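Biologist: Please give me a close look at the metal site, then work outward to whatever its surroundings share. I'd like the cut-offs spelled out as you go.

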Amino acid sequence: MTTTILEKFFYICEKVHCYSTVFILTPGFLIFEMGVVRPTLIEIYKIGVAKQLLHVFLSVFCFINVTGNMIMSIISDCSINKTRRQFTEDGDFCELCKIQRPPKAWHCKECNVCILKRDHHCFFFSRCIGLYNRRYYLMYLVYIHISMVYSTYYNYYFVSSIFENHGLEMAIFRLLNPFLRYIMREETSIKDIYVFFFLLNVGIAIWSAILLSFHMRNVFRGLTAHEYREPSKSNWKENLLSVFGTKWYITLIWPFVDSPVIDDTDFIVKNR
Ligand SMILES: [Zn+2]
Ligand SMILES: [Zn+2]
């Protein structure tokens with residue numbers, strides 16, 4: 001009973017976190033960068049109109065790719081039930097879904113269904129990453145990493161401009177060490193929030209780089225996250241096509257293109 005309530009609680013937390021990230025945090029981040037950081041830097045460094053326009057274009061381009069890949073990943077259905085396929089005796093039988101599933105399909109406890117070519121259950125998307133949405137997940141990681149490196153660069157100049165004489169280093173130190181803040185008896189101000197955002201940029205840039213390197217290594221080797229210890233399968237070009245699809249070159253810059261994946265799950269499909 002306790003487990004059920006806890007599971008429901010985590011399920012609700014996951015959904016709230018997922019949708020607030022898509023509809024509040026990510027747009028909020030862009031508004032902060034455009035409305036607070038950009039005007040300050042323009043004023044201090046006297047940035048020209050051409051550079052300003054380029055900066056706005058790149059920021060919006062990254063924003064579209066981050067949110068677009070996130071939304072597409074969430075709405076893409078990789079579950080077996082919805083595919084209207086029947087499988088032969090290849091693979092194994094799922095006692096929970098009462099279905100013969102193909103190789104590489106796994107049951108997800110959180111989604112409560114078997115997922116085609118299941119990679120992992122993503123807490124941030126509140127959804128499993130599988131056959132049809134892995135490309136969106138990877139491109140989300142690519143663009144969140146680019147965006148964070150990009151904003152870290154600009155936010156460094158922004159937070160540096162509001163502190164003097166090693167004030168930034170002390171502000172970071174105080175933020176990471178609340179005991180020091182207590183001793184110094186310095187009041188919290190809006191500057192601390194700016195420093196917190198800057199540290200968040202750095203943290204997400206490192207986190208996304210680690211995740212991206214792990215998942216791209218698996219993609220090049222034709223493996224899912226479950227199989228990361230196994231030897232490479234097929235050649236890297238086929239492995240890439242099986243994830244990014246036939247229009248892979250457009251998926252790199254536009255999340256909403258339809259790019260059918262080459263199905264390499266090695267099963268026989270009947271009654272398609
Ligand atoms: Zn199942
Ligand atoms: Zn799942």
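Modeller: Let's fix one word before the rest: buried means under 20% relative accessible area, exposed over 50% and partly exposed in between, with a 1.4 Å probe and protein chains only. This is a predicted model, where local features need pLDDT of at least 70 and side-chain atom pairs pLDDT 80 or more, while totals for chains, interfaces and linings use all residues. Residues count from 1 along each chain as its sequence is written, chains are lettered from A and ligands numbered from 1 in the order written, and side-chain values use heavy atoms, without hydrogens or water.

Now the metal. The zinc ion (ligand 1) takes its protein donors from Cys94 (SG), Cys97 (SG), His107 (ND1) and Cys114 (SG), at 2.1 to 2.3 Å. (Donors are N, O and S atoms within 2.8 Å of the metal, or 3.2 Å for Na, K and Ca; water is not among the atoms, so sites may look incomplete.) Along the chain, the donor residues follow the spacing C-x2-C-x9-H-x6-C. Angles among the four donor atoms run from 100 to 121 degrees, and the site is tetrahedral (all angles between 85 and 135 degrees). For reference, the ideal for four tetrahedral donors is 109.5 degrees. His107 and Cys114 are both buried.

The loops around here have their own quirks. Most residues other than glycine have a negative phi. Lys98, which isn't a glycine, has a positive phi of about 55 degrees. You'll find Lys98 in the loop between strand E2 (92–94) and strand E3 (99–101) (strands are DSSP E runs of at least two residues, helices H or I runs of at least four, numbered from the N terminus). Lys98 counts as exposed because its relative accessibility is 58%.

Lys117 also has a positive phi, near 45 degrees, without being a glycine, and sits in the loop between strand E5 (113–115) and strand E6 (120–122). But Lys117 is buried, because its relative accessible area is 7%.

What does Lys117 line? The structure holds two cavities of 30 Å³ or more (sets of points on a 1 Å grid over the protein atoms alone where a 1.4 Å probe fits but cannot get out; lining residues have an atom within 4 Å of a point). Volume is the space filled by probe spheres set on the points, which are joined across faces, edges and corners. The largest cavity has about 40 Å³, and Lys117 lines it together with Gly130, Leu131, Arg134, Ser242 and Val243. By class that's two nonpolar, two polar and two charged residues (nonpolar: Ala, Val, Leu, Ile, Met, Phe, Trp, Tyr, Cys and Pro; charged: Asp, Glu, Lys and Arg; polar: the others, including Gly).

The second largest cavity holds about 30 Å³. Lys117 turns up here too: of its 10 lining residues, the closest to the centre are Lys117, Arg134, Gly222, Leu223 and Ser242. Helix H7 (residues 236–244) contributes the most to this lining, with three residues. Sorted by class, the second largest cavity has three nonpolar, three polar and four charged lining residues.

So, to pull it together: Lys117 is a buried loop residue with a positive phi, and it's among the residues lining the largest cavity as well as the second largest one.

Definitions and conventions. Four donors count as tetrahedral if all angles lie between 85 and 135 degrees; four count as square planar and six as octahedral if opposite donors are over 155 degrees apart and all others between 65 and 115; anything else is irregular. On a 1 Å grid over the protein atoms alone, a cavity is a set of points where a 1.4 Å probe fits but cannot get out, and a pocket is an open set with protein on both sides within 12 Å along at least five of seven lines; lining residues have an atom within 4 Å of a point.
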